[in-house]
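Here is a short tour of a model that you can follow on screen. Please keep the sequence and the structure side by side as you read.

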Amino acid sequence: MIWDYVCRCVGFAGVVIFITSALTPVPHFLDKWTAPRSEIEPSDAIVVLGASASAGGILSPESILRTDRGIALYGQGLAPLLVFLGGGKEGGPTEADGRAAFARLQGIPSSAILTETTARTTREEAIRVKALLQPKAVRSILLVTNSAHLHKARPLFERAGFEVHAVPSDIYVDPGKPEERLALMRGLSEEFVGWVYYWIAGYL
Amino acid sequence: MRAIFISTLVVLTSVGAYFFGIRRLRLTGRTFGIALGKMLESVGITLIFMVVNLVAAVATVLAMRSLTTTFVSIYVTDDVVWVGLSLLQGLTFQWWRELSVKPRYSGQ
């Protein structure tokens, strides 16, 4: 029966993809192959894209990772402005404000920090950052987010008129752990689907 | 190293289960091939359910965004629980089909 045959073919493909993802280094090769190169050079501003925070304002690990990367870039004197993005939940403290407070604790002066708390998608982030930085004559930016997200974020910020220097904020993933390989593959697949959606919608 | 350890162990327990089935439970080698096919069918139907669920979830999120003022992040679809729930749906559907095609399982 054709239905059984289709199910078996889909099942076979699923099993092959699962075993390849979990038990071989293929996800790491894919990640290395697709990851954008870090382009660290002096720019007009550092833009740290939003990740997530709890309703109480506690930053997620991904958010802290990006924030740390942004602070390190500022510490190296690569840009005079540090822009943090990220909204809040249920009227609570915003992610961007939490990041700004964290940066001030690290010795970054308040005058160098800008926040944007209303954007809800990467596309909206590009539009809002354009509105925020255009009056300050910012042309070039160091764009901080994870590698997989950069594929979608970079063209959006370029479209907004910025000269973008990508700065991936990735962490080390143990290539020997099947669980981490699966998580890596999942992350790559999600961002690929997101990129396809943005491409179909004409945002890229 | 961990991947090799896990895969070796799973191969060993699978071989053990095969011989246990043949010698103790008197299962036949011929039906083992059919069982593998059924396993692939179950995985396939689970994946089909997962794709249907995710497409429905994304469509719902996009519809809510366009039809209401409520903003729902597309990342609500990002959850490993879809796999487990799709597995339950897939196995139930698969067994439903099996029992409908082969009435001898009905217990009558």
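## Confidence

Let us begin with how far the predictor trusts its own work. Chain B has an average pLDDT of 89, and 94% of its residues score at least 70. This is a predicted model, and its overall scores are an ipTM of 0.84 and a pTM of 0.79. As a general reminder, coordinates should not be read in detail where pLDDT is low.

## The fold of chain B

What does the secondary structure of chain B come to? There are 3 helices and 0 strands in this chain, and along the sequence they give the pattern α-α-α.

Now look at the overall dimensions. Along its principal axes, the box filled by the C-alpha atoms of chain B is roughly 65 × 50 × 15 Å. The radius of gyration of chain B is 20 Å, whereas a compact globule of 108 residues would come near 13 Å. Burial is worth a glance alongside these values: 10% of the 108 residues of chain B count as buried.

The contacts within the chain add another view. Taking the contacts in chain B with a separation of 6 or more, 51% are between residues 24 or more positions apart.

## Where chain B meets chain A

How many residues does each chain bring to the contact? Chain B contributes 17 residues and chain A contributes 15 residues. On the chain B side, the elements that give two or more residues are helix H1 (2-23) and helix H2 (29-67). Of the elements on this side, H2(B) gives the most, with 9 residues.

Sorted by class, the residues of chain B that touch chain A are 9 nonpolar, 5 polar and 3 charged. If you colour the model by residue class, this side of chain B is a good place to look.

## The two domains of chain A

Turning to the partner, chain A is divided into two parts: domain 1 (2-34 + 173-201) and domain 2 (45-168). As the bounds show, domain 1 of chain A is written as two segments, 2-34 and 173-201. The centres of domain 1 and domain 2 of chain A, taken over C-alpha atoms, are separated by 29 Å.

Which residues join these parts can be put in numbers too. In chain A, 6 residues of domain 1 are in contact with 4 residues of domain 2. By class, the side of domain 1 of chain A that touches domain 2 of chain A has 3 nonpolar, 2 polar and 1 charged residues.

Note on methods. Residues numbered from 1 in each chain as written. Chains lettered and ligands numbered in written order. Predicted model: local features only at pLDDT ≥ 70, side-chain atom pairs only at ≥ 80, totals over all residues. Domains from an automatic or database assignment. Contact = placed C-beta atoms within 7 Å. Nonpolar A, V, L, I, M, F, W, Y, C, P; charged D, E, K, R; others polar. Helix = DSSP H or I, 4+ residues; strand = E, 2+ residues; numbered from the N terminus. Rg over C-alpha atoms; globule rule 2.2 N^0.38 Å. Buried ≥ 20, exposed ≤ 12 C-beta atoms within 10 Å, placed from the backbone. pLDDT = per-residue confidence, 0-100.
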